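Work through the exercises below with the sequence and the 3D structure at hand. Try each task before reading its solution.

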Amino acid sequence: MSDAILDIPLDMTNPVEPFLRMDRMPHIWCPACGIGTTVNCFARALESSKLDLNKVAIVSGIGCTGRVAGYANLDSFHTTHGRAIPFATGLKLSNPELQVVVYSGDGDLFAIGGNHFIHAARRNMDIKVICVNNLTYAMTGGQTGPATPTEVISATSPYGVFEPSFNLVQMAEAAGASYVARWTTYHVKQLSRAMEEVLHKKGFCFIEVLSPCPTLYQRRNKMGDGLDAMKFYKQVSKVRNGAPTSECALTRAGEIVVGKFVDRDRPDYLELLTHQMKETLGDRYADPEVTTCSEG
Amino acid sequence: MHADPKGVLTGVHFLDGDHACCEGTLAAGARFAAGYPITPSTEVVERFAWRIPTVGGIFIQMEDELAASIAIQGAVWGGAKAFTVTSGPGFSLMMEHIGYAAITETPCVFVNVQRGGPSTGLPTLPAQADMMQARWGSHGDYSIIALCPNSPQECFDLTVTGFNLAEEFRVPVMMMLDECVGHMTEKVVIPESDQIAITPRRFTHQSPEEFRLFKPKEDLVPDMVKAGDGYRFHVTGLTHDERGYPSMNVETQDKLVRRMQDKLKPFTNGRALFEAVNLDDAEVVVVSYGITSRVAQRATQMARAQGVKAGIFRLITAWPFPEQHIRELAGRVKAFVVPELNLGQMVHEVERHAAGRAKVISVPHAGGTVHKPEVILKAILEAAR
Ligand SMILES: Cc1ncc(C[n+]2csc(CCOP(=O)(O)OP(=O)(O)O)c2C)c(N)n1
Ligand code: SF4
Ligand SMILES: [Mg+2]
């Protein structure tokens, strides 16, 4: 990403506008919500990726983050709660020239959709998963989710969360992801760069973005507003590229290890499938022509 | 348009209903299937997994039925014809995505080989107890098409029809087999590909600037696009306007939900698929579908041998229910007899549309096997009295 686009006069149209559906603005997100920041980074990543945007599709589940698909000026799908990944799987396999991005929340991807996440990682499905982790179920009012750290107060844990949370990056690595990174909405440049990187990387890629929900999570836990969240991220984040993901668990107020943790090459699902079929069927194997349903 | 010969296994075969159904999907042009194993339906995708690599397409075994039922919809929006297959518990898990297919008008096919329920029930034995679930199982108001084959030959033929109807009306289509039809082996004739009519996807001819994803045509069905063609469209399960944008208001909801219902109106009369057997002079009409219709055939023959004029109205499109046909028959016959492998489901529809003008006798069965013809015969004789 060039630094120049971060340095624009105020009277210019916003450079991310071409990547958004401006006819849908204003968006539904609260002031100081971190989701918008991640979308800004995503737009900049799309721009610097130089990809043909007609060939990029975005799939979301349900939640505040699930609304991202609807604002992206791409072929976009707002699916059902937890099922963005299997939808994306079908989309990618039927139309492999698409670059398919899944953009969803921590609850969506790791509670109701957790099973799909690990299986897509296991298969090394060629999709890019961006998880906005606001540590809560925001859309429904700030309940406890699988990423909520212990001791946090939530709408369904009024006396404090006591069940352990998932370490998302460790789970992604263990399940087989080709690329695993974590950033926060304070790290906009690094996040943008990571997003651009995965747009050019084959296989199952996962980026966790720690993102503030001032309206519910911050307020309930007396963590201040959006600006306080930035100060907090700045204070407690440590960049440790290549850190073992087992050392990257999150706590309520402790260190946030950020960086790129995994970047490896494994054959993806379609490569494995093609290889296996050619091996066993030889000339009898017919290349998938899945999208032929309009031809006569 | 005719079937792509690559998928058509032209010839005379000896197949069970599940395998014939699979050949139907291939002839219809399905090149993507996602499934999760469950008895007694797995054979459909087992055959697909075996056949598809040489035809040109993909089968993926997903981690559960929730995944399978949404993966096929991703594939459809990517441009494929796609389907999934399940039974009992798996059908229950698919319900949310049947609603998603309905509101997003995603043409796709759900094959349900019915087994005894509720819950795990009778995994290997027949029932027809998911008929109401097929119609009403997902939340909210919506409409679907459900087809009930009663032989392996029809498993082939109607699967092709099912895919065609899904494309024409942009609805999820349910293939409502039962364990008996799925597992019975009979002669299946698969015609030459140029004898098999195929309904292509209704891809728009409009430019991305003019096109609106959910703007209906005259038949109330909107034209479609696929991802990757530059339309930059949005699909959501939220109530949406003609652009496909979420719109949380009463007017949009009313317009959308009514249109989804109204676009299938042709089926309540003219487009309904059914088989009429000996109805011309019938005083008692057995309304039946699937495997039960074959038992009913024996029962009506026995009734005729005893001098009772019995006929059969066989539901092929169970949903939308052929209301008008039942209304017309109710005006001229004495009674309807409705045997089903459930404790009375479609019989309520018959009662509703007979509206008191003809007697309606339910012949329930909890499932696990088929009716004895004598039980249906007894009801026919009673009805004729
Ligand atoms: C099947 C189903 N269960 C529950 C819900 C309600 N629901 C909507 S969003 C949501 C949680 C979203 O949390 P997350 O994915 O973290 O997204 P966020 O709103 O925090 O961005 C829930 C439980 C639903 N829409 N569907
Ligand atoms: S509730 Fe929280 S996550 Fe949702 S838009 Fe508001 S600040 Fe953002
Ligand atoms: Mg969340």
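**Exercise 1. A salt bridge between chains**

Task: Find which residue of chain A forms a salt bridge with Glu63(B), and give the distance between the closest N and O atoms.

Solution. Step 1: The model is a predicted one. Step 2: Opposite charges are what to look for, because side chains of opposite charge can pair when their charged atoms come close. Step 3: The partner of Glu63(B) is Arg123(A), and the closest N and O atoms are 2.9 Å apart. Step 4: A salt bridge requires the nitrogen and the carboxyl oxygen to be within 4 Å, and the 2.9 Å between Glu63(B) and Arg123(A) meets this cut-off. Step 5: Between chain B and chain A the count is two salt bridges.

**Exercise 2. The contact between chains B and A**

Task: Describe how many residues are in contact between chain B and chain A, how much area the two chains bury, and which elements of chain B take part.

Solution. Step 1: On the side of chain B, 50 residues are in contact with 50 residues of chain A. Step 2: The two chains bury about 4,100 Å² between them, with 59% of it on carbon and sulfur atoms. Step 3: In chain B, the residues that lose the most area to chain A are Ile58(B), Glu63(B) and Arg232(B), which together make up 17% of what that side buries. Step 4: Count the residue pairs in polar contact between the chains, both at pLDDT 80 or more; there are 25. Step 5: The elements of chain B that give two or more residues to this side include helix H2 (42–55), strand S3 (58–61) and strand S10 (234–236). Step 6: H3(B) provides the largest share, eight residues. Step 7: Sorted by class, the side of chain B that touches chain A has 25 nonpolar, 14 polar and eleven charged residues.

**Exercise 3. Strands that pair across the chains**

Task: State whether strand S2 (residues 75–78) of chain A and S10(B) run parallel or antiparallel, and name the bridge partner of His78(A).

Solution. Step 1: Three bridges join S2 of chain A to S10(B), and the strands run parallel. Step 2: His78(A) has Thr236(B) in S10(B) as its bridge partner.

**Exercise 4. A salt bridge within chain A**

Task: Locate the two ends of the salt bridge between Glu97(A) and Lys55(A).

Solution. Step 1: The whole structure has 35 salt bridges over all chains. Step 2: In the pair of Glu97(A) and Lys55(A), the closest N and O atoms are 2.6 Å apart. Step 3: Glu97(A) is in the loop between helix H3 (84–94) and strand S3 (99–105) of chain A, while Lys55(A) is in the loop between helix H1 (35–49) and strand S1 (56–60) of that chain. Step 4: The pair links distant parts of the chain, 42 residues apart.

**Exercise 5. The two ligands**

Task: Say where ligand 1 lies, list distances from its oxygen atoms to chain A, and classify the residues around ligand 2.

Solution. Step 1: Ligand 1 lies between chains A and B. Step 2: Of the 17 residues around ligand 1, those that come nearest include Cys64(A) and Asp106(A). Step 3: A backbone N or O atom of Cys64(A) is 2.7 Å from an oxygen atom of ligand 1. Step 4: For Asn134(A), an N or O atom in the side chain is 3.0 Å from an oxygen atom of ligand 1. Step 5: For Thr136(A), a backbone N or O atom lies 3.0 Å from an oxygen atom of ligand 1. Step 6: Turn to ligand 2, whose surrounding residues include Cys64(A) and Asn134(A). Step 7: The shell around ligand 2 has nine nonpolar, two polar and no charged residues.

Key:
Residues numbered from 1 in each chain as written. Chains lettered and ligands numbered in written order. Predicted model: local features only at pLDDT ≥ 70, side-chain atom pairs only at ≥ 80, totals over all residues. Heavy atoms only, no water. Near = heavy atom within 4 Å. Nonpolar A, V, L, I, M, F, W, Y, C, P; charged D, E, K, R; others polar. Contact = heavy atoms within 4.5 Å. Buried area = accessible area lost by both parts, 1.4 Å probe. Salt bridge = Lys/Arg side-chain N within 4 Å of Asp/Glu carboxyl O. Polar contact = N/O pair within 3.5 Å; in protein donor to acceptor, adjacent residues only side chain to side chain. Helix = DSSP H or I, 4+ residues; strand = E, 2+ residues; numbered from the N terminus. Pairing = 2+ DSSP bridges.
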